[in-house]
Amino acid sequence: MTEYQLRIQRYDPEQDDTPRLQRYTVSGDHTTSVLDALLSLQQQQDPTLALRWSCRMAICGSCGVMVNGIPKLGCKTFLRDYNGVIDIAPLAHFAVEKDLIVDMTPFLAHLSAIQPYLINDKDDKAPHKQTPAQLAKYQQFSNCINCGLCYAACPQFGLNPEFLGPAAITLAQRYNLDSRDNGKASRMSQLNGNNGAWGCTFVGSCSEVCPKQLDPAAAVNQAKVESAKDFIINLFKI
Amino acid sequence: MKTPKRSDEPIWWALFSAGGVCFAVLLPALMLVLGILWPLGLVSPPWLSYAGVSALLHTAYGVPALLVTAAVICLPLFHAAHRIHHGLHDLQCGYRQASKLLCYGLALLLSLLALALVLAI
């Protein structure tokens, strides 16, 4: 067992004026994740520590925190990979509700703005078949677990919270590229705005932090190409 | 969520993309030949004399010369202007419309100047 030093940002808006840093020592081995460490702290040392978590296996996307300033899933990040004091803070660019829990409401509003579901006017009961090639077009972008790490990494979302952001634009692409969907026209109006695909300046940090490697930056750039095509087509529609 | 206003960014992004391609493909070769190899005397093609360049400029009513100027000067100018405009936004300097007018305005002005100089020769 090794002793690890953790410095956790604590904040209770009902009691504290400003966030404060609190140091803890936890013991763990080479299999101890950041989430394991936080849960052992909460259970054995400080029951007031608030954090959000659920599956412990990088599927639910709820344990996102900043580890040494980089957005990470607590369950997929291991103490063995860090030296010295490990800084843990709530996800950047979101309002803190308490300690490591952030308010994801703006993120969820952006996701729902792009209508993230199959839109198909055809009223037939037959199954919508898809070839492997049609599936391959969007499959990569369908693995999003809505953890919000890309929003904590995106400097443009940090500057402008109205920016739709990487996950929402990736999700729009995921449905726009789906052969069973014909709702692209209604999604494009969101992507065409300054806060849509054009709010991105291709920093690329979203793709670096994505725990599912689904390359949101590529999806955003594809959305820019689609929006540029839509712009040109619109010039001829009078 | 209400329908947002369509952005005019596709125009600037298209110029930026075209400029980026020209920058990456044409300028390194030009800089190598005109900026390094030629001054060092390692190459001395016959067309790089006043008479040779003048003849090139007037080939086919000067249209190829204008196209080369657009590819080597105008589009890269818009590419650079786009980067500076968004760089200013990242640094939170300059109002969006003001820096846009300044950056793309300057690119347009210098582009027209370059094309006019080619036409004037």
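**Helix packing, sheet order and contacts between the parts**

In this predicted model, helix α3 of chain B (residues 63-90) and helix α4 of chain B (residues 96-120) have axes that come within 9 Å and cross at roughly 165°. An angle over 145° counts as roughly antiparallel, so α3(B) and α4(B) are roughly antiparallel to each other. Their crossing is right-handed. On the α3(B) side, the contact is built from B:Ala65, B:Leu66, B:Thr69, B:Ile73, B:Cys74, B:Leu77, B:Phe78, B:Ala81, B:Ile84, B:His85, B:Leu88 and B:His89. Facing them from α4(B) are B:Arg96, B:Ser99, B:Lys100, B:Cys103, B:Tyr104, B:Leu106, B:Ala107, B:Leu110, B:Ser111, B:Ala114, B:Leu115 and B:Val118. Sorted by class, this contact of α3(B) with α4(B) holds 17 nonpolar, 5 polar and 2 charged residues.

Helix α3(B) also packs against α1(B), and here the angle is about 125°, with the axes 7 Å apart. That angle makes α1(B) oblique to α3(B). The crossing of α1(B) and α3(B) is left-handed, whereas that of α3(B) and α4(B) is right-handed. From α1(B), the residues in the contact are B:Trp12, B:Leu15, B:Phe16, B:Ala18, B:Gly19, B:Gly20, B:Cys22, B:Phe23, B:Leu26, B:Leu27 and B:Leu30. The α3(B) half consists of B:Ala71, B:Val72, B:Leu75, B:Pro76, B:Phe78, B:His79 and B:His82. By class, the α1(B)-α3(B) contact comes to 14 nonpolar and 4 polar residues, with no charged ones. One residue of α3(B), B:Phe78, turns up in the contact with α4(B) and again in the contact with α1(B).

Turning to how the chains meet, 13 residues of chain B are in contact with 16 residues of chain A. Helices α1 (9-37) and α3 of chain B each put at least two residues into the side that touches chain A. The biggest giver is α1(B), with 4 residues. This side of chain B is made up of 5 nonpolar, 4 polar and 4 charged residues.

Chain A itself splits into domain 1 (2-102) and domain 2 (105-235). Taken over C-alpha atoms, the centres of these two domains are 30 Å apart. Where they meet, 13 residues of domain 1 of chain A are in contact with 12 residues of domain 2 of chain A. On the domain 1 side, the elements that give two or more residues are β3 (64-67) and β4 (70-73) of chain A. The largest share, 3 residues, comes from β4(A). The class breakdown for this side of domain 1 is 9 nonpolar, 3 polar and 1 charged.

Both of those strands belong to an open sheet of 5 strands in chain A, ordered β2-β1-β5-β3-β4 with mixed pairing. At the edges stand β2 (20-28) and β4 of chain A, each with a single partner strand, so one side of each has no neighbour in the sheet. From one strand to the next, the twist averages 35°.

Walking along the sheet from the β2(A) edge, strand β1 (residues 2-10) of chain A is joined to β2(A) by 9 bridges, and the two run antiparallel. Within this pair, A:Thr2 has A:Gly28 of β2(A) as its bridge partner, and A:Arg10 is partnered by A:Arg20 of β2(A). Strand β1(A) also pairs with β5(A), this time in the parallel sense and over 3 bridges. There, the bridge partner of A:Leu6 is A:Ile86 in β5(A).

At the β4(A) edge, 4 bridges join β3(A) to β4(A), and the two strands run antiparallel. A:Gly64 stands opposite A:Leu73 of β4(A). These strands form a hairpin with 2 residues between them, and A:Asn68 in the turn has a positive phi of about 50°.

Finally, a helix covers this sheet: α1 (residues 34-44) of chain A lies across β1, β2, β3, β4 and β5 (86-89) of chain A. Relative to β2(A), helix α1(A) runs at about 105°.

Methods: Residues are numbered from 1 along each chain as its sequence is written. Chains are lettered from A and ligands numbered from 1 in the order in which they are written. This is a predicted model: local features need pLDDT of at least 70, side-chain atom pairs count only at pLDDT 80 or more; totals for chains, interfaces and linings use all residues. Axes are lines fitted to C-alpha atoms, for helices over the stretch in contact, and angles run from 0 to 180 degrees between N-to-C directions. Angles under 35 degrees count as roughly parallel, over 145 as roughly antiparallel, 65 to 115 as roughly perpendicular and the rest as oblique. A crossing is left-handed if the near helix is turned anticlockwise from the far one by less than a right angle, and right-handed if clockwise. Two residues are in contact if their C-beta atoms, placed from the backbone, lie within 7 Å. Ala, Val, Leu, Ile, Met, Phe, Trp, Tyr, Cys and Pro count as nonpolar, Asp, Glu, Lys and Arg as charged, and the others, Gly among them, as polar. Domain bounds come from an automatic or database domain assignment. Two strands pair if DSSP finds at least two bridges between them.
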